Amino acid sequence: GTDLKTILNKLEEIEPAPQNTETYAPVTDNPFQQVIGPQNALSTFSIDVDTAAYSNIRRHLNSNTLPPRDAVRIEEMINYFKYDYAQPTGEDPFAVHTETTVCPWDTEHRLVRVARKGREIEKETRPATNLVFLIDVSGSMNEPNKLPLVQSSLKLLVDRLDERDRVALVVYAGRSGLVLPSTSCDKRVEIYNAIDRLSAGGSTNGGAGIQLAYNTAVASLIKGGVNRVVLATDGDWNVGVTNNGDLTRLIEEKAKS
């Protein structure tokens with residue numbers, strides 16, 4: 001008994017579900033490795049410490065949604081917390097702490113925790129830093145948990161830096177641009193204002209941004225310091241150099257300088 005016009009009007013009132021553009025590499029369990037014999041006699045440990053999964057999962061749960069299966073990365077959740085391990089002594093660059101216990105779900109097995117604690121560098125003795133932030137300001141970054149989160153993170157970082165350090169901001173969307181030339185961190189207000197001016201919109205041309213970012217880093221190079229280009233983006237590049245292999249080779253070549 002409802003006419004077509006009424007139905008169409010009702011359909012227009014229904015807001016479409018937000019499109020989920022988040023993608024994650026699949027998480028696969030490593031197979032059992034028999035370490036007796038020469039085939040798998042050695043183990044390797046990654047030096048980088050990733051912690052993002054914990055915050056990402058918390059974001060999903062706070063929104064009353066289950067996180068995607070491949071977003072749950074156990075090692076990142078473990079690494080999120082601080083454990084107050086003792087620092088290395090003498091000339092050792094890191095200390096190793098191990099603990100073995102019975103596996104709760106299979107008492108014939110053992111669980112081994114291997115923790116490494118690197119030497120903490122005192123703030124007063126750390127090298128000066130020359131940081132160039134290459135920031136994606138394409139349209140997809142126009143969400144509360146993307147560009148605004150990058151902006152607040154940058155301000156937190158600048159608060160930890162001092163007059164020895166320099167920061168530059170390069171942005172890219174359809175084209176790239178220098179928002180803030182390399183600037184001493186004693187000019188905090190100037191840096192904060194540049195961060196606040198960032199806004200998102202356009203396609204994603206990251207290749208041109210990398211060129212400009214590295215040129216900026218080389219021009220402001222601090223010899224003996226920490227010189228880094230830091231990329232802040234939410235995903236794939238769709239304009240300019242888009243092939244992952246080409247981008248990797250470009251970065252490797254630029255890193256030499």
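Me: Let's start with one residue. Where is N64 found?

Reply: N64 sits in the loop between α2 and α3. Keep in mind that this is a predicted model.

Me: What is the phi of N64, and how do I read it?

Reply: The general idea first. Most residues other than glycine have a negative phi. Now the case here: N64 comes just after α2 and has a positive phi of about 60°, and N64 is not a glycine.

Me: Is N64 buried or exposed?

Reply: N64 is exposed, with a relative accessible area of 73%. The cut-off for exposed is over 50%.

Me: What about D84, how does its phi look?

Reply: D84 is not a glycine either, and its phi is positive, about 55°. You'll find D84 in the loop between α3 and β1. D84 is exposed too, with a relative accessible area of 74%.

Me: OK, let me zoom out. How many helices and strands does the protein chain have?

Reply: The protein chain has seven helices and six strands. Walking from the N terminus, the order is α-α-α-β-β-β-α-β-β-α-α-β-α. Of its 257 residues, 26% count as buried.

Me: And what share of the contacts joins residues at least 24 apart?

Reply: Take the contacts between residues at least 6 apart in sequence: 67% of them join residues at least 24 apart.

Me: Now helices. How do I read which way a helix faces?

Reply: An α-helix has 3.6 residues a turn, so residues three or four places apart point the same way. Look at which residues are buried and see how they sit around the axis.

Me: Let me try that on α2. Which residues of α2 are buried?

Reply: In α2, residues 52–62, the buried ones are A53, N56, I57 and H60. They cover an arc of only 95° around the axis, so they lie on the same side of α2. That buried set packs against α3, residues 74–79.

Me: And α4, which residues are buried there?

Reply: L147, V150, Q151, L154 and V158 are buried in α4. Their arc around the axis is only 100°, which puts them on the same side of α4. On the other side of α4, L156 and R160 are exposed.

Me: What covers the buried residues of α4?

Reply: The cover includes β3 (129–136), β4 (166–172), α5 (188–196) and β6 (226–232).

Me: What span should α4 have at 1.5 Å a residue, and how far apart are its ends?

Reply: α4 has 14 residues, 147–160, so at 1.5 Å a residue the expected span is 20 Å. The C-alpha atoms at its ends are 20 Å apart, which agrees.

Me: Last topic, pockets. How do I think about empty space in a model?

Reply: Rolling a probe the size of a water molecule over the atoms shows where empty space is left. In this model, the largest pocket has a volume of about 2,300 Å³.

Me: How many residues line the largest pocket, and which lie nearest its centre?

Reply: The lining has 47 residues, and F45, E75, N79, V114 and R116 lie nearest the centre. Elements giving two or more residues to that lining are α3, β1 (94–102) and β2 (110–118). The largest share, eight residues, comes from β2.

Me: And by class, what is in the lining of the largest pocket?

Reply: The lining has 21 nonpolar, 12 polar and 14 charged residues.

Key: Residues numbered from 1 in each chain as written. Predicted model: local features only at pLDDT ≥ 70, side-chain atom pairs only at ≥ 80, totals over all residues. Heavy atoms only, no water. Helix = DSSP H or I, 4+ residues; strand = E, 2+ residues; numbered from the N terminus. Expected span 1.5 Å × (residues − 1). Buried < 20%, exposed > 50% of the residue type's maximum accessible area, 1.4 Å probe, protein only. Arc of directions from axis to C-beta. Contact = heavy atoms within 4.5 Å. 1 Å grid on protein atoms, 1.4 Å probe; cavity = no way out; pocket = protein on both sides within 12 Å on 5 of 7 lines; lining within 4 Å. Points joined across faces, edges and corners; volume = space filled by probe spheres on them. Nonpolar A, V, L, I, M, F, W, Y, C, P; charged D, E, K, R; others polar.
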